[in-house]
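Please work through the following exercises with the sequence and the model at hand.

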Amino acid sequence: KPLFLDFTGFACENCRLMEHNVWAKPHILEILKKEYIVVSLFVDSKYNLNQEDWLIYEDKTIKQLGLKNLHLQTEKFNNAAQPLYVVIDSEENIISDPIGYCSEKDFYNFLVKGVK
C-alpha cells in the first residue's frame, strides 16, 4: 500500500476542517482506510527526541519531533504550510503531487490518483 503522509499540527485549524469536512465523508474515509497506510506527522509536536534521533542539519541540532517533521516537509516537499498531503511509494517516490487545503472533489481525485 502507498503511504499517505499527512503533515498536520495540533493547532492547525485548516487541518481540523479538512478532517471533519472532507476526510469524514464515507467515500473518502473508505479509500483512506482500505487503500493507504496513513501517517500523520505533527509539525508542532513539542515531544523531545532521544539523542540518537536528533537531526543535525547544517549548524542546527533538531531535538523535537515536530521540528524534525517540519524539516522533512520543507526539505522533501518544498512546502511549510499545513495541511500538506503527499502520497509516496515504498521507495519514497511521489505518486500523487502534494496537495493542501482543498475541496472534497480535489482531495478525492488526489487519493484516487495515488492508488492507480
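The exercises concern strand pairing, an aromatic pair and one helix residue.

This is a predicted model, in which local features need pLDDT of at least 70, side-chain atom pairs count only at pLDDT 80 or more, and totals for chains, interfaces and linings use all residues. Residues are numbered from 1 along each chain as its sequence is written, and side-chain values use heavy atoms, with hydrogens and water left out.

**Exercise 1.** Determine which strands pair with β1 (strands are DSSP runs of E, at least two residues, numbered from the N terminus; two strands pair if DSSP finds at least two bridges between them).

Solution. Begin with β2 (residues 37-42): six bridges join this strand to β1, and the two run parallel. Within β2, V39 is the bridge partner of L5. Next, β5 (residues 84-88) is joined to β1 by five bridges, and these two run antiparallel. Here L84 of β5 stands opposite F7. Finally, five of the six residues of β1 are buried (under 20% relative accessible area, 1.4 Å probe, protein chains only), so β1 is largely enclosed by the rest of the structure.

**Exercise 2.** Characterise the ring pair of F4 and F107.

Solution. The structure holds eleven aromatic pairs (ring centres of Phe, Tyr or Trp, the latter by its six-membered ring, within 6.5 Å). F4 and F107 lie 6.1 Å apart, centre to centre, with 90 degrees between the planes, which makes the pair edge-to-face (over 60 degrees). The pair links F4 in β1 with F107 in helix α4 (residues 104-115), 103 residues apart. F4 has a relative accessible area of 0%, as does F107.

**Exercise 3.** Is H71 buried or exposed?

Solution. H71 belongs to helix α3 (residues 65-77). Its relative accessible area is 15%, so H71 is buried.

Definitions and conventions: Helices (H or I, at least four residues) and strands (E, at least two) are DSSP runs, numbered from the N terminus. Buried means under 20% relative accessible area, exposed over 50%, partly exposed in between (1.4 Å probe, protein chains only). Rings of Phe, Tyr and Trp (its six-membered ring) pair if their centres lie within 6.5 Å; planes under 30 degrees apart count as stacked, over 60 as edge-to-face and the rest as tilted. Two strands pair if DSSP finds at least two bridges between them.
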